Each structure stands twice: as structure tokens, then as C-alpha cells.
Amino acid sequence: MTDFNVVKYHNYEDYLRSFAIVQDYRYLPCHRTVRTVTKLGYRDNGNVYNEEQFLMARKQVEALLHPSVVLHAYYSPYLKGDDAALVALAEREAPNVQQEISTIIFLEVHQKSGFAISGYIDFESSLRNFRLDGPNAVNWPAIFQARKLLRPQPSDVVFYDWRSRKIFANDNDNYTTVAHAEHGLLFIHKGDHKLIPVTNRRTPFYSNVKRTMIKSELYGFMILYDHTVRKKT
């Protein structure tokens, strides 16, 4: 969730001072001690950012308040080669950024340990996170140049570690994740509230998504789930 309160403060020192109370200056020896106590989180009025988190939060808010600087940041022009998976993602970048479609990427990666990790990646959210320099951002120019490989990570909408048997499910700006007893894993698109199934089983909601399996030299197999976003009228 974006924290718009951080824009009220000119710098990190101003932010820390906002947590101070009269008793701090009465019982603590100096202003530096007050700031140290605040940094360590000894406060009852909410979590306190460290300096890196504060600067990141300000950067994200400023990008939202002044979106013109990032509206036309596309990374598919970096595409090199003709790998089928990268070509398919490049074709889908613009309509995802413009929110005409919403693409979920399913990927399974086998590691040196012999175990795999797999996950469902919200393409638009991942692109936006890189533009805003957010946490765990995927370097999309490097992905399209094939200098780096796309990998599922625990911050994706769904991530599964086959070695530890741990599963992570994360709602984001675009999707709510649902484990349905009858229809399996579903995503609810927050824009038009449509249910997006990601299994092979036929469901009443299957018409909400187009499923494309792509054979790739770089990724083996990648599955793309494309949902056409219905605009409000």
C-alpha cells in the first residue's frame, strides 16, 4: 500500500522528529538519542521506516503524483533474438501497460539442487514495479536482452518452492488470489471482478482467459494467461 504521508517531510530527519513526544526530550539526554530510539522502533504510534525505506516510499509516491515521467517507459524495444517466450511478452507489454489486457505468466524453473521453483507472475505489476524501482524489482531490459532470466519469487502473486514445500500467495493491485475447493486456483481481477482460472479443468469462468503455452529455448515452457479487461461504462 502506498504511504502518502511521507511526502509531508522534506527529509528523513524531519520524518524521525515527527515521532518524538515531549517526554522524549524530558527524559533522554539529547536529540541524537531521541532519533536513535525512534529508529529502533520503540514507538507505539506505528512502524517506523529506516532511511532506505523512507526514500523508497517517497520515490513511489512522487512517481504516482507525477506519472508523466514513467507513462511511456517500455522495455520490449530492448528485445534481442527471437526466443518465443520473450517475443510473446514483448507483444503483450503495451496492452498490459495500457490495461487493455492483463497477463499472468506461469513459469517453472529447475535449480542446480534438482528441485524446482514455480510461480504465477503478474506481468503488468512486475513492469510497473521496475519503473518505480520497487522492492524485488525484475530488470525487464535485461530480461528482454536475455542477459538475465525471469524467475518466480516469493513476492509474486503465487510462488511455490518444491524443495521446502512452501507456498506464498500475495494479493496485489490487480489480483486477489483464491484457492477454490471445486475450481482450483483462481485469480479475481480487481478492475472488472472477473474470475481467472489457471488450470486445465473446464470451469464456468474459462471464457474469461486465453491460455497460451509457449515452447522456449530459454525457459523450456512458459504459459501465458491473457485476460481482456472490461472497462467500466
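Which residues have the most contacts inside the largest nonpolar core? The points below take up that question for this predicted model, with helix α5 as the main thread.

1. The largest nonpolar core has 24 residues, and those with the most contacts inside it are L89, I105, W140, L150, Y219 and M222. At least two residues of this core come from each of α5, β1, β2 (116-122), α6, α7 and β9, and the element that gives the most is α5, with six residues. A second, separate core of 12 residues includes F106, V157, V209 and I223.

2. As for L89, leaving aside residues up to four places away in sequence, this side of the packing can be listed in full: L89 touches I105, F123, W140, F144, M222 and L224. Three of these partners, I105, W140 and M222, are themselves among the residues with the most contacts inside the largest core.

3. Helix α5 covers residues 84-97, and its 14 residues reach 20 Å from the first C-alpha to the last, which is close to the 20 Å expected at 1.5 Å a residue. The helix nevertheless bends by about 30 degrees at E91, and a proline, P95, follows within four residues. I would record the bend and the proline side by side, without reading a cause into them.

4. The two ends of α5 each deserve a remark. At its start, a side-chain oxygen of D83 reaches to within 3.1 Å of the backbone nitrogen of A85; after the helix comes Q99, whose phi is positive, near 60 degrees.

5. How much of α5 is buried? The helix is mostly covered, with 10 of its 14 residues buried, and the buried set consists of A85, L86, A88, L89, A90, R92, E93, P95, N96 and V97, so that R92, E93 and N96 count as buried under the cut-off of 20% relative accessible area. The cover over these buried residues includes β1 (101-110), α6 (123-131), α7 (140-144), β8 (210-216) and β9 (220-228).

6. D226 has its place in strand β9, and it counts as buried because its relative accessible area, 11%, is under the 20% cut-off. Its side chain is joined to that of T103 by a polar contact of 2.7 Å. Not counting residues up to four places away in sequence, D226 touches R92, I101, S102, T103, N208, V209, K210 and T212; R92 in this list is one of the buried residues of α5, and V209 is one of the residues of the second core.

7. Two loop residues other than glycine have positive phi values and may be worth a look in the model. D133, with phi near 55 degrees, is placed in the loop between α6 and α7 and is partly exposed, since its relative accessible area of 37% falls between the 20% and 50% cut-offs. R165, with phi near 65 degrees, lies in the loop between β3 (158-161) and β4 (166-169), and it counts as exposed because its relative accessibility of 57% is over 50%.

8. For the protein as a whole, there are seven helices and nine strands, and buried residues make up 43% of the 233 residues. Of the contacts with a separation of 6 or more, 52% are accounted for by residues 24 or more positions apart. The protein exposes about 14,100 Å², of which carbon and sulfur atoms supply 52%.

Key. Residues are numbered from 1 along each chain as its sequence is written. This is a predicted model: local features need pLDDT of at least 70, side-chain atom pairs count only at pLDDT 80 or more; totals for chains, interfaces and linings use all residues. Side-chain values use heavy atoms; hydrogens and water are left out. The expected span of a helix is 1.5 Å times one less than its number of residues. The bend at a residue is the angle between axes fitted to the seven residues ending there and the seven starting there. Buried means under 20% relative accessible area, exposed over 50%, partly exposed in between (1.4 Å probe, protein chains only). Contact means heavy atoms within 4.5 Å. A polar contact is a pair of N or O atoms within 3.5 Å; within protein, one must be able to donate a hydrogen and the other to accept it, and residues adjacent in sequence count only if both atoms are side-chain atoms. A nonpolar core is a set of buried Ala, Val, Leu, Ile, Met, Phe, Trp, Tyr and Cys residues joined through side-chain atoms within 4.5 Å. Accessible areas come from the Shrake-Rupley method with a 1.4 Å probe; for residues, only the protein chains shown count as cover.
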